[in-house]
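Here's a quick briefing to read alongside the structure. Have a look at the fold, then work through the notes by topic.

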Amino acid sequence: MATATTSQKIEKALSIMKSHDWYWCMADYTNPAYGNAYGSMRAFVEVVASIADKVIVEALRNLWQATYDYIHKTMWGSNEKAKAEFEATKAQLMAIIMPQYAMAA
């Protein structure tokens, strides 16, 4: 079995983030929702930990935290300031994580 490349690991981590249930705490049945969210978070941690480039690892972790913060600032309503801050932070982190996309923008 071939070892995944750094790019494949990054794509997997970003995919996990995209499908993560950031609103799990609002579910009527918190146990399954909590378990699924915890499993998703653990999968993200494991994939990120397998990346050798520590700058990318830190950027991915910071992106997770920034996403968490943004979701919680906007959970109960729109917050344009939080959205603008998140989009700026996300762009900066993605330029580190996947510089080929930053150059195209």
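A residue counts as exposed when its relative accessible area is over 50%, as buried when that figure is under 20%, and as partly exposed in between. By that yardstick Glu46 is exposed, because its relative accessible area is 52%. Keep in mind that this is a predicted model. The chain has five helices and zero strands, and buried residues make up 30% of its 105 residues.

**The overall picture**

- Going along the sequence, you get the pattern α-α-α-α-α.
- Along the principal axes, the C-alpha atoms fill a box of roughly 40 × 35 × 20 Å.
- Take the contacts between residues at least 6 apart in sequence: 66% of them join residues that are at least 24 apart.

**Helix α1 (residues 6–19)**

- α1 has 14 residues, and the distance from its first C-alpha to its last is 20 Å, close to the 20 Å expected at 1.5 Å a residue.
- Its buried residues are Lys9, Ile10, Ala13, Leu14, Ile16 and Met17. Looking down the axis of α1, these buried residues fall within an arc of 155°, so they line one face of the helix.
- Lys18 and Ser19 are exposed residues on the face of α1 turned away from that buried side.

**Helix α3 (54–73) and how it packs on α1**

- The 20 residues of α3 should span 28 Å at 1.5 Å a residue, and its end C-alpha atoms are indeed 28 Å apart.
- Asp53 caps the N-terminal end of α3, with a side-chain oxygen 3.0 Å from the backbone nitrogen of Val55.
- The buried residues in α3 are Ile56, Val57, Ala59, Leu60, Leu63, Trp64, Ala66, Thr67, Tyr70 and Ile71.
- How do α1 and α3 sit relative to each other: roughly parallel or roughly antiparallel? Their axes come within 11 Å and cross at roughly 10°. Angles under 35 degrees count as roughly parallel, and α1 and α3 are therefore roughly parallel to each other.
- On the α1 side, the residues that meet α3 are Thr6, Ile10, Ala13, Leu14 and Met17. Their partners in α3 are Ile56, Leu60, Leu63, Trp64 and Thr67.

**A closer look at Thr67**

- Thr67 is found in α3. Is Thr67 buried or exposed? With a relative accessible area of 10%, Thr67 is buried.
- Which residues does Thr67 touch, not counting residues up to four places away in sequence? They are Met17, Trp22 and Phe86. Of these, Met17 is one of the buried residues of α1, and Phe86 is one of the buried residues in α4.

**The α3–α4 loop and helix α4 (residues 80–97)**

- Thr74 sits in the loop between α3 and α4. Its relative accessibility is 15%, so Thr74 counts as buried.
- Leaving aside neighbours within four places in sequence, Thr74 is in contact with Asn79 and Ala82.
- Asn79 also has a part at the start of α4, where one of its side-chain oxygens reaches to within 3.3 Å of the backbone nitrogen of Lys81.
- α4 itself has 18 residues and reaches 25 Å from its first C-alpha to its last, close to the 26 Å expected at 1.5 Å a residue.
- Ala82, Phe86, Leu93 and Ile97 are buried in α4. Seen down the axis of α4, they fall within an arc of 45°, so they line one face of the helix.
- Turned away from that buried side, the other face of α4 carries the exposed residues Glu80, Lys81 and Gln92.

**Two residues in helix α2 (residues 30–49)**

- Val45 lies in α2, and so does Glu46.
- Val45 has 29% relative accessibility and so counts as partly exposed, whereas Glu46 is exposed.
- Glu46 and Ala13 are 33 residues apart along the chain, and their C-alpha atoms are separated by 9.1 Å.
- Val45 and Thr3 are 42 residues apart in sequence, and 18 Å apart in space, C-alpha to C-alpha.

Methods:
Residues are numbered from 1 along each chain as its sequence is written. This is a predicted model: local features need pLDDT of at least 70, side-chain atom pairs count only at pLDDT 80 or more; totals for chains, interfaces and linings use all residues. Side-chain values use heavy atoms; hydrogens and water are left out. Helices (H or I, at least four residues) and strands (E, at least two) are DSSP runs, numbered from the N terminus. The expected span of a helix is 1.5 Å times one less than its number of residues. Buried means under 20% relative accessible area, exposed over 50%, partly exposed in between (1.4 Å probe, protein chains only). The arc is that of the directions from the helix axis to the C-beta atoms. A polar contact is a pair of N or O atoms within 3.5 Å; within protein, one must be able to donate a hydrogen and the other to accept it, and residues adjacent in sequence count only if both atoms are side-chain atoms. Contact means heavy atoms within 4.5 Å. Axes are lines fitted to C-alpha atoms, for helices over the stretch in contact, and angles run from 0 to 180 degrees between N-to-C directions. Angles under 35 degrees count as roughly parallel, over 145 as roughly antiparallel, 65 to 115 as roughly perpendicular and the rest as oblique.
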